[in-house]
Amino acid sequence: MGHGVHSTRGTTLPFCCYSCSARSSSSVSLTHGQRPPSLGPSCVRYAVLGAGFAGLSVAWHLLKQSPKDSCIRIDIYDEVGIGGGASGVSGGLLHPYSPKAKLLWRAADCWNESLNLLSVAEAAAASAAQNPNEDDPLPIVRRRGILRPALSMKNLMMLKDNAQNCLASCRIETIDNDAAQNLLPSICVPFNTSFYMPEAVNIYPQRYLQALFLACQNLVKELYSDGFGVKELHLHKSSVHKLLDLEGEYQAVIVCLGAKADLLPELCGRLPLRTCRGVVAHLQLPDHLGEEYPSLGPSILSDAWLAVQGPRNLYLGSTWKWKSRNSSPNVCADEATEALNELLPKACAIFPALKDWSFAGARAGLRAMPPLTPHGSLPLLGCVNDIVGENRTSNYWLFGGLGSRGLLYHGWLGKLMAEAVLSCREELIPDELTSWKKRRQ
């Protein structure tokens, strides 16, 4: 996600802007020294910094939960646009379990809300497909389940034990080698046991985020056409260098910048986050080879994961380079070679046919990893007015530290964040997500 926002610089992209006085779909370009136009004393303005999983979830829920007859404007800022950061590079494997097959903290809530947002995005993509001026959209999700082979006897026993406590809505089935071969011929199952999650899905992150933003636009149009108040949504492809540049312009500023939150001077060095760069490789099956990935074949979780995107396309991930500050999505040749040397042997041990696939490129993302708590590694949420500084007229909020589980956490936590922001009540957020502030003191 783009770091920062400067509300008076950069480019404002023309997205939904529906109000009583302005019915076009054009947003207002902001130039140096100008403030955004006033929408009247009763209109509430919110700034969302970041257009990844966290930012778009918050934007959707702010629109969805705000009183229908209210006047509300949401400005989303991201210098690289929708899904341009770590969210867009993620593998997209969605399930509610740890690598040990344990249910994660509040797994049912997170799983259900992620599926709800996925449905919202799919509906928006389907509506676009009915528009004769739009190209048929590519699918945003692959529903073939996820398979995790046991890699050692100890691993097998642990997974089998934990799998007994799975969610009914995302089952973990224990299957033998024959059943695994039926799902994915040529898969290697070292201990004759795999753990299959048939309801788990593989989301295509970039397409999903674009569809979720489209859903936000559609909601603005729907509320306007129904005569409910004034609703505006703007995406600014620009950068903010410090939070106080936004002071007084917004009721609330919600920071959803992932690892780049630490680049804001008000938050720099004050968040308990560790950075970790991950490289994901894109592999393709050469045209002259005919053994395509089975159309019903699941994605794979192992020491390396395979996120399948089609019969001849998949993504292989991910590396973990701790303490990196490199947020560029670009991967040089040396970094790509190093990543392949690390990941391919792990993946080929489970799916030997991968040795015939060709490298088609690599992308990287910088994760913001939260500290370990008694409940696991949980994201950081809460009001950060005390960190930004006292005597401010705007409220400042943080939604960060999603680590490698942004896809699971973003739906429910985005909903909680929107509720807290709209009501100015931090106590609506579970203590487990705000306790990091107490540890700072």
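The expected span of a helix is 1.5 Å times one less than its number of residues. This rule is applied in the second legend below, and every view is taken from a predicted model.

**Figure 1. Overview of the protein chain.** The predicted model contains 10 helices and 22 strands. Of its 441 residues, 55% count as buried. Among contacts with a separation of 6 or more, 79% are accounted for by residues 24 or more positions apart.

**Figure 2. Helix 1, residues 53-65, and its surroundings.** The helix has 13 residues, which at 1.5 Å a residue should span 18 Å; the C-alpha atoms at its ends are 18 Å apart, in agreement with that expectation. Helix 1 is largely enclosed by the rest of the structure, because 11 of its 13 residues are buried. The buried residues are F53, A54, G55, L56, S57, V58, A59, W60, H61, L62 and L63. F53 is also one of the residues touched by Y208, shown in the next view.

**Figure 3. The largest nonpolar core around Y208.** This core comprises 81 residues, of which I76 and Y208 touch the most other members. At least three of its residues come from each of domain 1 (44-86 + 207-273 + 373-437) and domain 2 (274-369). Leaving aside residues up to four places away in sequence, Y208 touches F53, L117, L118, A121, I140, I203, L407 and H410. A second, separate core of 26 residues includes L147, L184, L316 and A347. In soluble globular proteins, nonpolar side chains tend to be buried together.

**Figure 4. The open sheet of strands 5, 10 and 6.** Three strands make up this sheet in the order 5-10-6, with antiparallel pairing. Strand 5 (93-94) and strand 6 (141-142) each have a single partner strand and stand at the edges, so one side of each is left without a neighbour in the sheet. Strand 6 is joined to strand 10 (residues 201-203) by two bridges, and the two strands run antiparallel. Within this pair, R142 stands opposite N202 of strand 10.

**Figure 5. The buried arginine R312 in a loop.** R312 is located in the loop between strand 15 (305-310) and strand 16 (313-317). Its relative accessible area is 19%, so R312 counts as buried, the cut-off being under 20%. A polar atom of the R312 side chain lies 2.5 Å from the backbone oxygen of P286. Not counting residues up to four places away in sequence, R312 touches L283, Q284, L285, P286, D287, L289, E292 and W357. P286 is therefore both a contact of R312 and the residue whose backbone oxygen faces this 2.5 Å separation.

Key:
Residues are numbered from 1 along each chain as its sequence is written. This is a predicted model: local features need pLDDT of at least 70, side-chain atom pairs count only at pLDDT 80 or more; totals for chains, interfaces and linings use all residues. Side-chain values use heavy atoms; hydrogens and water are left out. Two strands pair if DSSP finds at least two bridges between them. Helices (H or I, at least four residues) and strands (E, at least two) are DSSP runs, numbered from the N terminus. Buried means under 20% relative accessible area, exposed over 50%, partly exposed in between (1.4 Å probe, protein chains only). A polar contact is a pair of N or O atoms within 3.5 Å; within protein, one must be able to donate a hydrogen and the other to accept it, and residues adjacent in sequence count only if both atoms are side-chain atoms. Contact means heavy atoms within 4.5 Å. A nonpolar core is a set of buried Ala, Val, Leu, Ile, Met, Phe, Trp, Tyr and Cys residues joined through side-chain atoms within 4.5 Å. Domain bounds come from an automatic or database domain assignment.
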